[in-house]
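Work through the exercises below with the model open. Try each task before reading its solution.

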Amino acid sequence: MLEELLRAIREEGAVMRGALAAEIRAEEKSGPEDLVTNYDTLVQRHLEEKLHALLPQAGFLGEEGLRAPTGDGSVFIIDPIDGTMNFSRGYQRSSISVALARDGQAVLGAVYDPYLNELFWAERGRGAFCNGRPICVSDRPLERGIVMFGTAPYYREIAAKTFALGRALFDRSLDVRRSGSAAIDLCSVAAGRVEVFYEFRLSPWDYAAAGLILEEAGGVIRTIEGGPVSLTVKSSVLAANGTAWEAARQITQEVCRIDP
Ligand code: 2AM
Ligand code: CA
């Protein structure tokens, strides 16, 4: 099952990678920063077909549509393209994200970056991998760390908090980055390339797979308020390696004035 799932994701990555600029048609959803392209719908349809054949009883929760679970409560949580704005402009920083959840918990997650040909995956309790090699978070403290964040551009009212936290974390770290694909950012923490990631509002398909990969790589993922992230409704996300976690959490609480 894992092998077939990874093969399906690689195949769809090739579809993304092969998209010519002239063939990409973007449409606005809630606004000009919230896009869907013909490739998002195509890749999601292909994945649904392939994954349905692998596990017919599973339902689907996908960014571009939803099919409720029909059988044993397993659900594939799919983002056919995470980083659609990047994709629509040929800025090659996007991924495919697929998680399998059972009883509200991700048990399998895979994230594929077709441009770097990096396939991350994890099964709960079995560690995390990138292209077959085990990965783990770094042990750098925040002071020696790189912080990644997302700006939730479709919710402009959150921007002040987002950038206040970015400034506070920048002051306590080496530098900040913003890629445009939350799934790649979380996998970057998992692979020990960066130390912290946050975004104030994301959807389950943005972090379901990468969150499991991060936890299996030894990292921590919670909401900014401190609870577990939800696989059914939008959540804020704060993620870090174990060493940087406490400092990142404290700074986040100070900036957001959350009572511990
Ligand atoms: P997407 O490219 O699949 O849309 C960018 O800040 C991150 O937020 C990306 O991972 C992006 O995923 C995600 N995102 C985009 N639109 C969103 C929305 N309306 N709600 C929550 N997350 C969103
Ligand atoms: Ca998407």
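**Exercise 1. Place the largest pocket relative to the domains.**

Solution. Domain 1 (2-134) and domain 2 (142-256) both give residues to the lining of the largest pocket, so this pocket lies between them. Domain bounds come from an automatic or database domain assignment. The model is predicted: local features need pLDDT of at least 70, side-chain atom pairs count only at pLDDT 80 or more, and totals for chains, interfaces and linings use all residues. Residues are numbered from 1 along each chain as its sequence is written, chains are lettered from A and ligands numbered from 1 in the order in which they are written, and side-chain values use heavy atoms, with hydrogens and water left out.

**Exercise 2. Describe the space and lining of the largest pocket.**

Solution. Start with the term: on a 1 Å grid over the protein atoms alone, a pocket is an open set of points where a 1.4 Å probe fits, with protein on both sides within 12 Å along at least five of seven lines; lining residues have an atom within 4 Å of a point.
- Volume: about 560 Å³, taken as the space filled by probe spheres set on the points.
- Lining: 29 residues, with Glu33, Asp34, Gly83, Tyr154 and Gly180 nearest the centre.
- Elements: at least two lining residues come from each of several, including strand E1 (26-31), helix H3 (84-88) and helix H6 (204-216). Helices (H or I, at least four residues) and strands (E, at least two) are DSSP runs.
- Classes: 10 nonpolar, 8 polar and 11 charged residues.

**Exercise 3. Do the same for the second largest pocket.**

Solution. Its volume is about 240 Å³. There are 14 lining residues; Arg124, Glu215, Ile221, Val229 and Leu231 lie nearest the centre. Strand E7 (105-113), H6 and strand E14 (220-222) each give two or more. H6 gives the most, with 5 residues. By class, the lining has 8 nonpolar, 3 polar and 3 charged residues. Each of domain 1 (2-134) and domain 2 (142-256) supplies at least three lining residues.

**Exercise 4. Which protein donors does the calcium ion (ligand 2) have?**

Solution. List the donors: Glu63 (OE), Asp79 (OD), Asp79 (OD) and Ile81 (O), at 2.1 to 2.9 Å. For Ca, donors are N, O and S atoms within 3.2 Å; water is not among the atoms, so sites may look incomplete. Next, read the spacing: E-x15-D-x1-I. Glu63 sits in the loop between strand E3 (59-62) and strand E4 (65-67), and Asp79 in strand E5, 16 residues apart. Finally, check exposure. Glu63 is partly exposed (between 20% and 50% relative accessible area, 1.4 Å probe, protein chains only), at 22%. Asp79 is buried at 0%, the cut-off being under 20%.

Key:
Ala, Val, Leu, Ile, Met, Phe, Trp, Tyr, Cys and Pro count as nonpolar, Asp, Glu, Lys and Arg as charged, and the others, Gly among them, as polar. Donors are N, O and S atoms within 2.8 Å of the metal (3.2 Å for Na, K and Ca); water is not among the atoms, so sites may look incomplete.
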